[in-house]
Amino acid sequence: MIVRFFSELGPWNWMALGFVLLILEVFLPGVFLLWIGLAALIVGALSLMFWDAGFWVWQLQVVLFLALSLACALVGKKIVRSRGDTSDQPLLNRRGDQLVGRLATLTEPIVNGRGRVKIGDTMWRVAGPDLPAGTTVRVKAAADLDLELVVEAV
């Protein structure tokens, strides 16, 4: 029954699937259904050309659809990545990197390379040379995925 169902699918079914996926891309943005829909449209166009050919069986169509989906996704990823959109705020989600160069006063001494500093309304863990509380330090870098600041004495 399933074999009969798949063998009766025609080129317009591939076209319909492609257009449905493209319409879903509009409502569910994420740029992933676009490439799969494009692959379905290509298989539909090939089905129009090769429908009467003996080799154009449903198994070949499905394998071609899967391969084209992967190929379209990889090409699409390369296209999107090559656009080179640069942000006007490259440090927006990197809070620790935003603090590089700022001066702060240690609220807890740095002992064995670890201490704390308050910048704004946030207490930050810091790493650096051992220093007493109240010392003014400069933030050199953000380490450990922005969870710790590397500091030096001013």
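**Two cores in a predicted model**

Colleague: Which residues touch the most other members in the largest nonpolar core?

Modeller: L106, V117, I119, V126, L149 and V151 do, in a core of 13 residues. A nonpolar core here is a set of buried Ala, Val, Leu, Ile, Met, Phe, Trp, Tyr and Cys residues joined through side-chain atoms within 4.5 Å. Buried means under 20% relative accessible area, exposed over 50%, and partly exposed in between, with a 1.4 Å probe and protein chains only.

Colleague: Which strands supply this core?

Modeller: β1 (103-111), β2 (114-119), β3 (122-127), β4 (136-143) and β5 (148-153) each supply at least two residues. The most come from β1, with 3 residues.

Colleague: What lies apart from it?

Modeller: Another core, of 9 residues, including W14, A39, V43 and F65. In soluble globular proteins, nonpolar side chains tend to be buried together.

Colleague: How far should I trust the details?

Modeller: This is a predicted model, where local features need pLDDT of at least 70 and side-chain atom pairs count only at pLDDT 80 or more, while totals for chains, interfaces and linings use all residues. Residues are numbered from 1 along each chain as its sequence is written, and side-chain values use heavy atoms, with hydrogens and water left out.

Colleague: Back to L106. What is it in contact with?

Modeller: Leaving aside neighbours within four places in sequence, L106 is in contact with R116, V117, V126, L131, P132, A133, G134, T135 and V137. Contact means heavy atoms within 4.5 Å.

Colleague: And S47, buried or exposed?

Modeller: S47 counts as buried because its relative accessibility is 0%. S47 sits in helix α3, residues 33-50. With neighbours within four places in sequence left out, its contacts are P11, W14, W56 and Q61. W14 is also one of the residues of the 9-residue core.

Colleague: In what order do the elements run?

Modeller: From the N terminus, α-α-α-α-α-β-β-β-β-β. Helices (H or I, at least four residues) and strands (E, at least two) are DSSP runs, numbered from the N terminus.

Colleague: Why is the protein called more spread out than a compact globule?

Modeller: Because its radius of gyration is 29 Å, well over the 15 Å that the globule rule gives for 154 residues. That radius is taken over C-alpha atoms, and the rule is 2.2 Å times the number of residues to the power 0.38. Along the principal axes, the C-alpha atoms fill a box of roughly 85 × 30 × 25 Å.

Colleague: How many of the residues count as buried?

Modeller: 28% of the 154.
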